[in-house]
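Welcome! Please open your viewer and get ready to select a few residues as we go.

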Amino acid sequence: MKLARSFYARDARKVAKALLGKALVHIDGGVRRAARIVETEAYHGEDDEASHARFGPTRRAGIMFGPPGIAYVYLIYGRSHCANVVTGTEGCPSAVLLRAGEPIEGCLHSTIGPGNLCRALAIHRDAHNGLDLESDELFVEDGPAPRERIIASPRVNVGFAGSWAEKPWRYTLQGNRFVSKPWPD
DNA sequence: CCAAGGATTGGC
DNA sequence: CCAATCCTTGGA
């Protein structure tokens, strides 16, 4: 069953943990592509120096200041798309980056790593940024609670963020082989 | 306008 | 380890 906006309207760290084990679904022109989410990262507040929201509501990151339950998809390094869900309350910028998944259905590529996950599910900035996750095209489906333990560790590739780089806001399912490198301790 | 650098990936 | 590749951002 599709998750409702109220699911996303909570602290990004809570949402990031709650997303583990659920299915990210893209109905791609009638073809269903889905992956079980096994790795997420929370970006929380304008003070978070690792977040795109650190410069305020700019053209790219402005969406993080808006209502929850919206897709935030951007292009990184000119080659990879990254999919996020906007969380929390309007005015307080926050989002959860979907970093890896376990293939369920219709996957076109490896689902390990944020850029690969988008490629596997055919998620693109131009088609999906700003899309409502209560739409019938892109959404997250509820599912049974994961059996694996949840591990919290520092976020990946945010060394530029000073002390914010140490926040343990990356969440992974322990022992799952689809978690990306670097593997947490 | 220009320069710098990035929430990555894959190849050497 | 490092380059690819283009978009976003801040500053002149």
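How many aromatic pairs does the structure hold? There are three in this predicted model. To see one of the pairs, select Phe7 and Tyr8: their rings meet edge-to-face, 5.3 Å from centre to centre and with 85 degrees between the planes. Both Phe7 and Tyr8 are buried.

Next, select helix H3, residues 114-121. Is this helix largely enclosed or open? Six of its eight residues are buried, so the rest of the structure largely encloses it. Colour Pro114, Gly115, Leu117, Cys118, Ala120 and Leu121 to pick out those buried residues. Now add the strands: the cover over them includes E1 (23-28), E2 (31-44), E4 (80-86) and E5 (94-105). Just past the end of H3, stop at Ala122, which has a positive phi of about 60 degrees.

Now move to DNA strand C. Around it you will find Phe55, Thr58, Arg59, Arg60, Ala61, Leu75, Tyr77, Gly78, Arg79 and Arg125. By type, these residues are four nonpolar, two polar and four charged. Which parts of the strand lie within 4 Å of the protein? Sugar or phosphate accounts for 84% of those atoms, and bases for the rest.

Try three arginines here:

- Arg79: a polar side-chain atom is 3.1 Å from a base nitrogen of strand C.
- Arg125: a polar side-chain atom is 3.2 Å from a phosphate oxygen of strand C.
- Arg60: a side-chain N or O atom is 3.5 Å from a sugar or linking oxygen of strand C. Arg60 also lies over the face of Tyr74, 5.8 Å from the ring centre.

For a last stop, select Lys167 and Trp164: the charged end of Lys167 sits over the Trp164 ring, 5.0 Å from its centre.

Terms used:
Residues numbered from 1 in each chain as written. Chains lettered and ligands numbered in written order. Predicted model: local features only at pLDDT ≥ 70, side-chain atom pairs only at ≥ 80, totals over all residues. Heavy atoms only, no water. Phe/Tyr/Trp six-rings, centres within 6.5 Å; stacked < 30°, edge-to-face > 60°. Buried < 20%, exposed > 50% of the residue type's maximum accessible area, 1.4 Å probe, protein only. Lys NZ or Arg CZ within 6 Å of the ring centre and 35° of its normal. Helix = DSSP H or I, 4+ residues; strand = E, 2+ residues; numbered from the N terminus. Contact = heavy atoms within 4.5 Å. Near = heavy atom within 4 Å. Polar contact = N/O pair within 3.5 Å; in protein donor to acceptor, adjacent residues only side chain to side chain. Nonpolar A, V, L, I, M, F, W, Y, C, P; charged D, E, K, R; others polar.
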